[in-house]
Amino acid sequence: EEENLINEAISAYDSGSKIGDIRCDQRLGIIYYNGEGVSRDLDKAIKYIEKAAANKSPHSMYMLGIAYLRQNK
C-alpha cells in the first residue's frame, strides 16, 4: 500500500478479511471510504467497517459513525 501497489494491498487485505482479521476489514473500509487508488465506494466502505466495528475495534466504530453521517447527507 505504501508503495502504491493498491491492487496487491486490496488483495492481501481481502485474504485477511476472509480469515477474520479485523485490521484488514478496517483498512479495506478506509481505502474504499477515501477512494485510495480505487473509486470511492461508501457502501463497500461501510460493509467492511461494520465488520471490524462488530468486533469492538474503537477506531472502526469511530469510522463507522463518520461513514453513516456521510451516507445520510
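With which handedness does helix 2 pass helix 4? The legends below take that pair up in the opening view and then move through the rest of this predicted model.

**View 1. Helix 2 beside helix 4 in a left-handed crossing.** Here we're looking at residues 22-34 (helix 2) and residues 58-71 (helix 4), whose axes come within 11 Å and cross at roughly 30°. An angle under 35 degrees counts as roughly parallel, so helix 2 is roughly parallel to helix 4. From helix 2, the contact takes in Gln 26, Ile 30 and Tyr 33. Helix 4 answers with His 59, Ser 60, Met 63, Ile 66, Ala 67 and Arg 70. Sort the residues of this contact by class and you get five nonpolar, three polar and one charged.

**View 2. Helix 1 against helix 2, another pair with a left-handed crossing.** The two axes are 8 Å apart, and the helices pack at an angle of about 140°. That angle makes helix 1 oblique to helix 2. On the helix 1 side, look for Ile 6, Ile 10, Tyr 13, Asp 14, Gly 16 and Ser 17. They meet Cys 24, Asp 25, Arg 27, Leu 28, Ile 31 and Tyr 32 in helix 2. By class, the tally for this contact is seven nonpolar, two polar and three charged residues.

**View 3. Zooming in on Cys 24, a residue of helix 2.** Is Cys 24 buried or exposed? Its relative accessible area is 10%, so Cys 24 counts as buried. Setting aside neighbours within four places in sequence, Cys 24 is in contact with Tyr 13, Gly 16 and Ser 17. Those three partners also turn up among the helix 1 residues that meet helix 2. For a sense of scale, try the C-alpha to C-alpha distance from Cys 24 to Gly 65: they sit 41 residues apart in sequence and 18 Å apart in space.

**View 4. Helix 3 packed with helix 4, again with a left-handed crossing.** Here the axes are 9 Å apart and the packing angle is about 150°. The two helices are therefore roughly antiparallel to each other. Helix 3 brings Leu 42, Asp 43, Ile 46, Ile 49, Glu 50, Ala 52 and Ala 53 to the contact. Facing them from helix 4 are Ser 60, Met 61, Met 63, Leu 64, Ala 67, Tyr 68, Arg 70 and Gln 71. The class count reads ten nonpolar, two polar and three charged residues. Some of the helix 4 residues here, including Ser 60, Met 63, Ala 67 and Arg 70, are also part of the contact with helix 2.

**View 5. Gln 71, a helix 4 residue, and its partners.** Which residues does Gln 71 contact, leaving aside neighbours within four places in sequence? They are Leu 42, Asp 43 and Ile 46, and each of them appears on the helix 3 side of the contact with helix 4. With 37% relative accessibility, Gln 71 counts as partly exposed. Going back along the chain, Met 61 is ten residues away from Gln 71, and their C-alpha atoms are separated by 15 Å.

**View 6. The loop residue Lys 56, between helix 3 and helix 4.** What is the phi of Lys 56? Although Lys 56 is not a glycine, its phi is positive, at about 65°. Lys 56 is also exposed, with a relative accessible area of 62%. Measure from C-alpha to C-alpha and Ile 22 lies 9.6 Å from Lys 56, with their positions 34 residues apart in sequence.

**View 7. The largest nonpolar core and its best-connected members.** In soluble globular proteins, nonpolar side chains tend to be buried together. The largest nonpolar core in this model has 17 residues, and Ile 10, Tyr 32 and Tyr 33 touch the most other members. Helix 1 (6-18), helix 2, helix 3 and helix 4 each supply at least two residues. Which helix gives the most to this core? Helix 3 does, with six residues. For a closer look at one hub, follow Ile 10: not counting residues up to four places away in sequence, it touches Leu 28, Ile 31, Tyr 32 and Val 38. Among these, Leu 28, Ile 31 and Tyr 32 are also in the helix 2 side of the contact with helix 1.

Note on methods:
Residues are numbered from 1 along each chain as its sequence is written. This is a predicted model: local features need pLDDT of at least 70, side-chain atom pairs count only at pLDDT 80 or more; totals for chains, interfaces and linings use all residues. Side-chain values use heavy atoms; hydrogens and water are left out. Axes are lines fitted to C-alpha atoms, for helices over the stretch in contact, and angles run from 0 to 180 degrees between N-to-C directions. Angles under 35 degrees count as roughly parallel, over 145 as roughly antiparallel, 65 to 115 as roughly perpendicular and the rest as oblique. A crossing is left-handed if the near helix is turned anticlockwise from the far one by less than a right angle, and right-handed if clockwise. Contact means heavy atoms within 4.5 Å. Ala, Val, Leu, Ile, Met, Phe, Trp, Tyr, Cys and Pro count as nonpolar, Asp, Glu, Lys and Arg as charged, and the others, Gly among them, as polar. Buried means under 20% relative accessible area, exposed over 50%, partly exposed in between (1.4 Å probe, protein chains only). A nonpolar core is a set of buried Ala, Val, Leu, Ile, Met, Phe, Trp, Tyr and Cys residues joined through side-chain atoms within 4.5 Å.
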